[in-house]
Amino acid sequence: MDQVTPAPFSSADFRARFAVQPDAHAGDDYGDHRFNPGHPRLNQGMALRNAAVLIPVVDHEGDATVLLTKRAEKLRSHSGQVAFPGGTIDPTDPSPEAAALRETFEEIGLGRDRIEIIGRMPDYVAGSGYRIAPVLGIVLPGFQLTLNADEVDAAFEVPLRFLMDPANHKRDSRMWNDLEWFFYDMPYGERRIWGVTAGIIRTLYERLYA
């Protein structure tokens, strides 16, 4: 029997692309420094804090989406920004995958029974001082979210097709202590996907779709 080729930008295609990628390892080098080589913001002498995020690819048959959140405006850091569900890895978390699942449930009420973890991308080092483990998950649709108002103002889905199109990856910058800081910006309707979140999406594109 002939093997059926998965539809482009379906969850099956996403899974197949990831399956042929090399495993994440310590030699991989992804992060804000790739867009800002030599920038003094990256050399603060502080130990990196470990964090994990879930990249939730929702299985809508032919056209998968990615579930994103808008951080609460009242948060002290990165308030109002678009983000993946996730956060700091606690000492009680047995793995980055476990941390990503725990944070996802705490933030938006999406249970691990609807998420199939398929692997992990190389760590992404953020200029804000975090080493982030991006965990990849396929999400069964039909879920009901319960947003934690202390952390999240909204949750929404963006087509994987849109996020993996390099035409939507704009380069932008802002000033930091009189020096220019570069990042990716991916406007989607009224939502602005930028900074670390856009950097992780760009990394995903480079590894799986470029």
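Which residue does Arg120 form a salt bridge with, and how far apart are the closest N and O atoms? The partner is Glu97, and the closest N and O atoms sit 3.2 Å apart. Keep in mind that this is a predicted model. Altogether the structure holds eleven salt bridges, and here's a quick tour of three of them, plus a closer look at Arg102.

**Arg120 and Glu97**
- This pair links distant parts of the chain: Arg120 belongs to strand 6 and Glu97 to helix 2, with their positions 23 residues apart in sequence.
- Arg120 is partly exposed, at a relative accessible area of 31%.
- Glu97 also comes out as partly exposed, with 22% relative accessibility; the cut-off for buried is under 20%.

**Arg15 and Glu116**
- Strand 6 shows up again here: Glu116 pairs with Arg15 in a salt bridge, and their closest N and O atoms are 2.9 Å apart.
- Arg15 is in helix 1 (residues 11–19) and Glu116 is in strand 6 (residues 115–120), so this salt bridge ties together parts that are 101 residues apart in sequence.
- Arg15 counts as partly exposed, its relative accessibility being 32%.
- Glu116 is partly exposed too, at 38% relative accessible area.

**Asp90 and Arg102**
- The side chains of Asp90 and Arg102 meet in a salt bridge, at 3.3 Å from N to O.
- Asp90 sits in the loop between strand 5 (86–88) and helix 2 (96–108), while Arg102 is in helix 2 itself; the two are twelve residues apart, and the pair links distant parts of the chain.
- What about burial? Asp90 is partly exposed, with a relative accessible area of 30%.
- Arg102, on the other hand, counts as buried because its relative accessibility is 15%, and the cut-off for buried is under 20%.

**The network around Arg102**
- Salt bridges with shared partners join five residues into one network: Asp90, Asp93, Arg102, Glu103 and Glu106.
- Arg102 has a backbone partner as well: a polar atom of its side chain lies 3.2 Å from the backbone oxygen of Thr88.
- Leaving aside residues up to four places away in sequence, Arg102 touches Thr88, Asp90, Asp93 and Arg112.
- So which residues turn up both in that contact list and in the salt-bridge network? Asp90 and Asp93 do.

Notes: Residues numbered from 1 in each chain as written. Predicted model: local features only at pLDDT ≥ 70, side-chain atom pairs only at ≥ 80, totals over all residues. Heavy atoms only, no water. Salt bridge = Lys/Arg side-chain N within 4 Å of Asp/Glu carboxyl O. Helix = DSSP H or I, 4+ residues; strand = E, 2+ residues; numbered from the N terminus. Buried < 20%, exposed > 50% of the residue type's maximum accessible area, 1.4 Å probe, protein only. Polar contact = N/O pair within 3.5 Å; in protein donor to acceptor, adjacent residues only side chain to side chain. Contact = heavy atoms within 4.5 Å.
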